[in-house]
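Dear colleague,

I am passing on the structure we spoke about, and I would be glad if you could look through it with the notes below at hand.

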Amino acid sequence: MSKAPDLVKRLLLGRALRSAQQHEQLLPKRIALPVFASDALSSVAYAPQEILLALGVGGLAMYQYTPWVAAAVVVILLTVVASYRQNVRAYQSGGGDFEVATTNLGDNWGVVVASALLVDYVLTVAVSVSSGVENLGALLKFLQPHEVLVAIAIVVLVTIANLRGLKEAGVAFAIPTYLFMFSIISMLLYGMIRLGLGTDLKAETADYKIIGKEAGIGGAALIFLLLRAFSSGCAALTGVEAISNGVPAFRKPKGENAAKTLLMLGLVAMTMFGGVTAFAFYTKAKFAEPSQGSQLIDPATGKVVHDADPVIAQVAHTVFSNFTPGFALVTTMTALILFLAANTAFNGFPVLGSVLAQNRYLPRQFHTRGDRLAFSNGIIILATMAGLLIYAYDASVSKLIPLYTVGVFVSFTVSQVGMVRHWNRLLRTVKDPADRRRMRTSRAINAFGATLTGVVLVVVLVTKFMLGAYIVCIAMPVLFLLMKAIRKHYDRVAAELEPTGEDVALPARNHAIVLVSKIHKPTLRALAYARATRPSTLEAVTVAVDGDEAHRLQEEWDALDVPVPLKILDSPYREITRPVLDYVKSVRRRSPRDVVTVFIPEYVVGHWWEHLLHNQSALRLKGRLLFQPGVMVTSVAWQLQSSDRLKGRGEPGFGSSYRMPTGSGGNGSEDGQRDEASTGGGIVSERDS
């Protein structure tokens, strides 16, 4: 491999970190809050808007229910935060909902939760980045035709930041997240001051008419519409669970620090979401989308308005109508926080993937840390899946939002049921009255949370199923079955590899075979190494693709007086692999209790293009031989001069007891290397190239 990719890797990701430096990557609460809370906080940018959009289907009269819908969302938010504070104290390994469900409800429920969370993390990245690009496009119109490309580019940038390591990513994202919090809270305070001074705050869309396709509804239809608005507003809760999956990233005491961070997240998110929704309601801001069943009409022109600003931008413009820099700060930070919200998933998905890999539900590569001590494989997979989703849905938030929240409420509900069983189990063993009171309180909180989130889950499924949630309902079972299949495979392999008394018995004999194409340095090295292993029998084998060449090889072999017999295999159809396989099988049939070791000379080159210039017969042979029972394959490497550039020094020669004659028709060292520099192993001549 060239040094150039390594250099690019170091420039993008930084120098590699030792495993002993892992503790340096742990986060204090002031950094953990923006790292894990950016997703939940960013929902302020679209959750109030989603409520107004859903209510607008019923016409302007439905807007009177906005405060009640928002209040219900706040109750759910605080309930979930209180419930998860119990989770992070009890389970600190990073498994989060998966660990809670697996431990208390069984493996199948754990996999259900894991599949829900994995889907939700991918959607978090896709929705957050797409929403950020749409907001940015409202400011920079030239980006609108290229929203998909810009969204994918943002995903790549966030991926690189996370591949550099958790601590550096956290520091990079902390400042913008705090600036977003500052800008929104400042906007709310400034708006309250202006209201206190008697200023009439009126949104730019206050005088617009809103026409919904279901105007004037009542009864069951009205209840269904309110539930749909409520389920849309519950997008504000996505991201809360990320802290429970990221507990290992906190400094000690991990559980307590995670619980405090959750409390801060809940208070800040409640304040910002409730405040923005209240100002949107008070200033009479409106928002509609024809594809969702509502339209904004400008009474002055009678035309449909298609370019209304996002609700949060309308509120900022109204509050800061006499202070333009404030409006610019809010809109800029809103676009930025939506991009950074994806970082929550980039912290939660890899950790969850690592836990699943430890439990053999995902490939073991998900548990491998990269150079910067991040779970690089999980980060890359998340980025790839989110990028594909963005491309498939054209970076459209209105198309992606209906898929959202289903997975997270599945994990909320199952996790809280699991916590109730957790406290029930502990209460059977604990006798201390103080501890029992504390556990009963925690159980009550989790039981209330399970009931409430279960109801919300049903509401979300009923109201959003036909709007796109059915896709998630398909994806989750597919992931469930895939993870169960992976676990079944690992279990089967583990059982198959379990040692038994017969496994330690030594083979009766070892028959060594050295594959030869011609006599040159790699062949002689392979012969010398094979002799050094002291096998029971040793022979060299070549394939007679060309009869004249095979005859010349036999003459040269005899002339050198090589103390190893040479066997020539006939190949009437000019095959290399089949004759060798047949011969190895015949040796095995003669001595079933013996092993056969096949030595293959291989060439090491320094340029990628050299792999394309030489045959790959050795690779094909190795691939076939590995499937033969009782056959061992040994590669004997020969480094060509081009490989010196990768190790910075030449490779000393390997001593040989054979003397190479000069002028032997391409069998000298230079000619031998030039004629047969096969990357895959020089066991055949250039005739097969």
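The notes that follow take the sheet, then the aromatic pairs, and then a charge over a ring.

Please keep in mind throughout that this is a predicted model.

On the sheet, three strands come together in the order β1-β2-β3, forming an open sheet in which the pairing is antiparallel. The edges are taken by β1 (209-212) and β3 (303-305), and because each of these has a single partner strand, one side of each is left without a neighbour in the sheet. From one strand to the next, the twist averages 45°. Strand β2, which covers residues 294-298, pairs with β3 in the antiparallel sense over three bridges, and Leu-296 is found opposite Val-305 in β3.

Turning to the aromatic residues, a search of the whole structure gives eight aromatic pairs, and I describe two of them here. As you know, such a pair of rings is described by the distance of the centres and the angle of the planes.

One of the pairs is formed by Tyr-121 and Phe-349, which meet edge-to-face, with 6.4 Å from centre to centre and 75° between the planes. Since Tyr-121 belongs to helix α6 (residues 107-139) and Phe-349 to helix α13 (residues 324-358), this pair ties together parts that are 228 residues apart in sequence. With buried taken as under 20% relative accessible area, Tyr-121 counts as buried because its relative accessibility is 1%, and Phe-349 counts as buried at 6% relative accessibility.

Another pair, that of Phe-409 and Phe-412, is also edge-to-face, with 5.2 Å between the centres and 80° between the planes. Both residues lie in helix α16 (residues 406-427), where they are three residues apart, about one turn of the helix. Phe-409 is buried, its relative accessible area being 0%, and for Phe-412 the relative accessible area is 0%, so this residue is buried too. Phe-409 and Phe-412 also belong, together with Tyr-84, to one aromatic cluster.

Lastly, there is a charge over a ring that you may wish to look at in the model: Arg-487 lies over the face of Tyr-361, at 5.2 Å from the ring centre.

With kind regards

Note on methods
Residues numbered from 1 in each chain as written. Predicted model: local features only at pLDDT ≥ 70, side-chain atom pairs only at ≥ 80, totals over all residues. Heavy atoms only, no water. Pairing = 2+ DSSP bridges. Helix = DSSP H or I, 4+ residues; strand = E, 2+ residues; numbered from the N terminus. Axes fitted to C-alpha atoms, helices over the stretch in contact; angles between N-to-C directions. Phe/Tyr/Trp six-rings, centres within 6.5 Å; stacked < 30°, edge-to-face > 60°. Buried < 20%, exposed > 50% of the residue type's maximum accessible area, 1.4 Å probe, protein only. Lys NZ or Arg CZ within 6 Å of the ring centre and 35° of its normal.
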